[in-house]
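Please look over the sequence and the model below before reading on. The text then goes through a few of its features in turn.

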Amino acid sequence: MSLLSVDQARERILSHFQPVTTETLPLTGCSNRVLARDMIAANDLPPFDNSSMDGFALRAADVIDATAASPRSLRVVADIPAGSHPTISLAAGEAARIMTGAPIPAGADAVVPVEDTDFDNRDAGTPAPDEVQIFKSVNLGRNTRPRGMDIRAGKVVLHKGRVLKPQDLGLLAMLGFAQVPVYRMPRVALFSSGDELLEVDAPLEEGKIRDSNSYTLAALIEDAGAEVMRLGVAKDNRDAVEDLLEKAMQLNVDLILSSAGVSVGAFDFVKQVIESNGKMDFWRVNMRPGKPVAFGEYRNIPFIGLPGNPVSAFVGFEVFVRAAIQQMGGLLNGGRPTVRVRCEEQIDSDGRESYLRAQVHEDAERGSFVARLTGHQGSGNLHSLVQANALLIIPAGVKCVPAGQELRAWLI
Ligand code: AMP
Ligand code: MG
């Protein structure tokens, strides 16, 4: 059995995953979905010159000398609410009352806000005055938003491979995209294995524990942008394992993910069953926790077997499975946010690439982030993972990290 570096193992896994097909969805269904095409603006934004204030549109040259003590009086020739389409053209000495978002009329080149006039009554229904006193001069273009100021037609506003955020949906709406091409969500079948595992609502029994990996991993799968098909728990025997794998086949999934049962224990049947109906690579990866990773195919469907210990399963997911799901889902630049942190205390390691549970917080005085480990790092201690907000990465080959040294951490 080979000993691989984390990068080697990840590369081997990723070489087996291609982006899934795409689909076109109504904009309302696109939150958190991955864009499948570059989106190009078909119109300018804003689409027309408009006012950024409630006030009076005018010619800046008319109010050059205006002050509160010596205001400039202008004739109000139009009232322009948002949504209207003014056809007038302002002449010298003229102004138009204008609302935020309303089109700037021809002839006007600036807007003076109501606060800088004698007409600051903004109550709904108040008609425009016939005359207005302007108390301040104004620069050309002030308080206006010229057409195309934000985006010019033809610009790529969102790139293929981006996870659509709420504000992206708003921008797509501004540009009139009612339908959006996105990648289909990858489908992942998930099961746990082990005779010791109980359902979450079962009372504890001697020698048994509750299946927690199903819950952690299902949520991680969804967080990575895939749909999860939960298959429950396979008992530690050939038939039970085969049964669940066959179920996964019928669900038309892109990946089968399991936890436990892939070690070299006498009751670890997953490996056997996969081997007899497909192929299986089993590696020891030079990492901790989560050294054993099984990778293969069951009847042509990719299979990843994570370790059973709850923290190992989590770390294995973050290191290998998240990237595989994201690659299938068309996502570019995915992964957890990475920060550089200083270690609060000395950390001893064993030379393997390590993903340690840590609490990262800001050191306001030094303007940097520091990390502290959250309790004992046994791979069954899920509580220390719950208390962590980061996985602190100790590179391969390092046996001691002195206090104060910088490391990378993934925020989780
Ligand atoms: P195994 O890989 O089957 O040898 O399991 C390694 C360890 O992980 C054992 O202590 C198991 O009891 C534990 N384990 C396996 N599966 C789960 C699970 N689904 N939830 C919680 N712990 C598990
Ligand atoms: Mg087991």
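The paragraphs that follow cover a sheet, the surroundings of a ligand, and some backbone details.

The model is a predicted one. A good place to start is an open sheet of 7 strands with mixed pairing. Read across, the order of its strands is S1-S18-S20-S21-S17-S13-S16. The edges of this sheet are strand S1, residues 3-4, and strand S16, residues 227-234, each of which pairs on one side only. Within the sheet, strand S20 covers residues 292-298 and strand S21 covers residues 301-306. S20 and S21 pair in the antiparallel sense, over 5 bridges. Glutamate 297 stands opposite proline 302, a residue of S21.

Strand S13 leads on to the ligand. S13 is part of the sheet order, and S13 (187-193) also supplies at least two residues of the shell around ligand 1. Strand S15 (209-210) likewise supplies at least two. In total, 15 residues surround ligand 1, and the closest are Glu196, Asp211, Ser212, Gly308 and Asn309. What is the make-up of this shell in nonpolar, polar and charged residues? The shell divides into 4 nonpolar, 8 polar and 3 charged residues.

Individual contacts can be picked out. Aspartate 211 has an N or O atom in its side chain 2.8 Å from a nitrogen atom of ligand 1. For serine 192, an N or O atom of the side chain is 3.4 Å from a nitrogen atom of ligand 1. Asparagine 309 takes part through its backbone: a polar backbone atom there is 3.1 Å from an oxygen atom of the ligand. On its own, ligand 1 has 490 Å² of accessible area, and the protein covers 76% of that. The space that ligand 1 takes is the second largest pocket.

The backbone has some features to check. Most peptide bonds are trans, and most residues other than glycine have a negative phi. Where are the exceptions? A cis peptide bond joins leucine 45 and proline 46, with omega about -15°. Proline 46 is in the loop between strand S3 (39-40) and strand S4 (50-51). Another cis peptide bond joins arginine 288 and proline 289, with omega about -10°. Proline 289 lies in the loop between strand S19 (287-288) and S20, and S20 is the strand that pairs with S21. As for phi, alanine 260 has a positive value of about 70°, although this residue is not a glycine. Alanine 260 is in the loop that runs between strand S17 (255-259) and helix H5 (270-277). S17 is itself one of the strands in the open sheet.

Definitions and conventions: Residues are numbered from 1 along each chain as its sequence is written. Chains are lettered from A and ligands numbered from 1 in the order in which they are written. This is a predicted model: local features need pLDDT of at least 70, side-chain atom pairs count only at pLDDT 80 or more; totals for chains, interfaces and linings use all residues. Side-chain values use heavy atoms; hydrogens and water are left out. A residue is near a molecule or strand if one of its heavy atoms lies within 4 Å of it. A polar contact is a pair of N or O atoms within 3.5 Å; within protein, one must be able to donate a hydrogen and the other to accept it, and residues adjacent in sequence count only if both atoms are side-chain atoms. Accessible areas come from the Shrake-Rupley method with a 1.4 Å probe; for residues, only the protein chains shown count as cover. On a 1 Å grid over the protein atoms alone, a cavity is a set of points where a 1.4 Å probe fits but cannot get out, and a pocket is an open set with protein on both sides within 12 Å along at least five of seven lines; lining residues have an atom within 4 Å of a point. A molecule sits in a cavity or pocket if more than half of its atoms lie within 2 Å of its grid points. Helices (H or I, at least four residues) and strands (E, at least two) are DSSP runs, numbered from the N terminus. Ala, Val, Leu, Ile, Met, Phe, Trp, Tyr, Cys and Pro count as nonpolar, Asp, Glu, Lys and Arg as charged, and the others, Gly among them, as polar. Two strands pair if DSSP finds at least two bridges between them.
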